[in-house]
Amino acid sequence: MEKALEFLRDHVEVAFATCEGDRPKIRVFQIMKMEGTDLYFATSPVKEVYKQLQANPHIEILSRDGQVSVRCVGKAVFEVDEETKQWIYEHNAVLSRLYSAYDKMAYFKMTIEQMDYYDLAPTPPVLKHFDLVQHTVGNGFVGERFSKQ
């Protein structure tokens, strides 16, 4: 699991998926801070993504580089302490260019509930599924050629 978390620390630009009604919505987001399996994000409270998360807090993110990808599942929680909000604002240069103060934004965290680590480079490819709620780790196979009989 540490390998997957390290990958996220090194690849903070993620595809970020929410839902609006019965339609998926995806956009690029940046992980602003990581503390263990807690990922912190920031957005504007007037954006559609904020409204989508208020209506349905379920999130999936995907980070990818080459033949390795990490997919995480969790929920948006908007209870973030002031110190963390200020740290995020002060340590992400783009935010001060977009917002005049840290309190103009909405901050939330996602605690990873499930995480998949894929590495398609080796043969057979690697698939690890981490269920952080059930505390289980599963090994899988990609494609029928290496599936368990």
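Which backbone oxygen does the side chain of His11 reach? In this predicted model, the side chain of His11 reaches the backbone oxygen of Phe7, at a distance of 2.8 Å. His11 itself is placed in the loop between α1 (2-10) and β1, and, when residues up to four places away in sequence are left aside, His11 touches Ser63 and Asp65.

The protein chain surrounding this contact comprises four helices and ten strands, which follow one another from the N terminus in the order α-β-β-β-β-α-β-β-α-α-β-β-β-β. Taken along the principal axes, the box filled by the C-alpha atoms of the protein chain comes to roughly 55 × 35 × 30 Å. Of the 149 residues in the protein chain, 40% are buried, while the area that the protein chain exposes amounts to about 8,900 Å², with 51% of it supplied by carbon and sulfur atoms. Among the contacts in the protein chain with a separation of 6 or more, 54% are accounted for by residues 24 or more positions apart.

Aromatic side chains were examined next. Eight aromatic pairs are present in the structure. For one of them, formed by Phe16 and Phe29, the ring centres lie 4.2 Å apart and the planes meet at 15°, so the pair is classed as stacked, the planes being under 30 degrees apart. Because Phe16 belongs to strand β1 (residues 13-20) and Phe29 to strand β2 (residues 23-30), this pair ties together parts that are 13 residues apart in sequence. Phe16 and Phe29 are both buried.

A further pair is made by Phe78 and Phe108, whose ring centres are 5.2 Å apart and whose planes stand at 45°, so that this pair is described as tilted. Distant parts of the chain are linked by the pair, since Phe78 lies in the loop between β6 (68-77) and α3 (82-90) and Phe108 in strand β7 (residues 106-111), with their positions 30 residues apart in sequence. The two rings fall into separate accessibility classes: Phe78, with a relative accessible area of 25%, is partly exposed, whereas Phe108, at 0% relative accessibility, counts as buried. Phe16, Phe29, Phe78 and Phe108 are among the members of one aromatic cluster, which is completed by Phe41 and Tyr50.

Another arrangement that involves an aromatic ring is found at Trp87, where Lys33 lies over the face of the ring, at 4.7 Å from the ring centre.

The cysteines were then considered. A disulfide is a covalent bond between the sulfur atoms of two cysteines. The count of disulfides in the model comes to zero. Cys19 takes part in no disulfide, and the cysteine sulfur nearest to that of Cys19, which belongs to Cys72, is 17 Å away. Cys72 is likewise in no disulfide, with the sulfur of Cys19 as the nearest cysteine sulfur, again at 17 Å. Because a disulfide requires sulfur atoms within 2.5 Å, a separation of 17 Å leaves Cys19 and Cys72 unpaired by this criterion. With regard to accessibility, Cys19 counts as partly exposed at 33% relative accessibility, whereas Cys72, at 0% relative accessibility, counts as buried.

Methods
Residues are numbered from 1 along each chain as its sequence is written. This is a predicted model: local features need pLDDT of at least 70, side-chain atom pairs count only at pLDDT 80 or more; totals for chains, interfaces and linings use all residues. Side-chain values use heavy atoms; hydrogens and water are left out. Rings of Phe, Tyr and Trp (its six-membered ring) pair if their centres lie within 6.5 Å; planes under 30 degrees apart count as stacked, over 60 as edge-to-face and the rest as tilted. Helices (H or I, at least four residues) and strands (E, at least two) are DSSP runs, numbered from the N terminus. Buried means under 20% relative accessible area, exposed over 50%, partly exposed in between (1.4 Å probe, protein chains only). A charge sits over a ring if NZ of Lys or CZ of Arg is within 6 Å of the ring centre and within 35 degrees of the ring normal. A polar contact is a pair of N or O atoms within 3.5 Å; within protein, one must be able to donate a hydrogen and the other to accept it, and residues adjacent in sequence count only if both atoms are side-chain atoms. Contact means heavy atoms within 4.5 Å. Accessible areas come from the Shrake-Rupley method with a 1.4 Å probe; for residues, only the protein chains shown count as cover.
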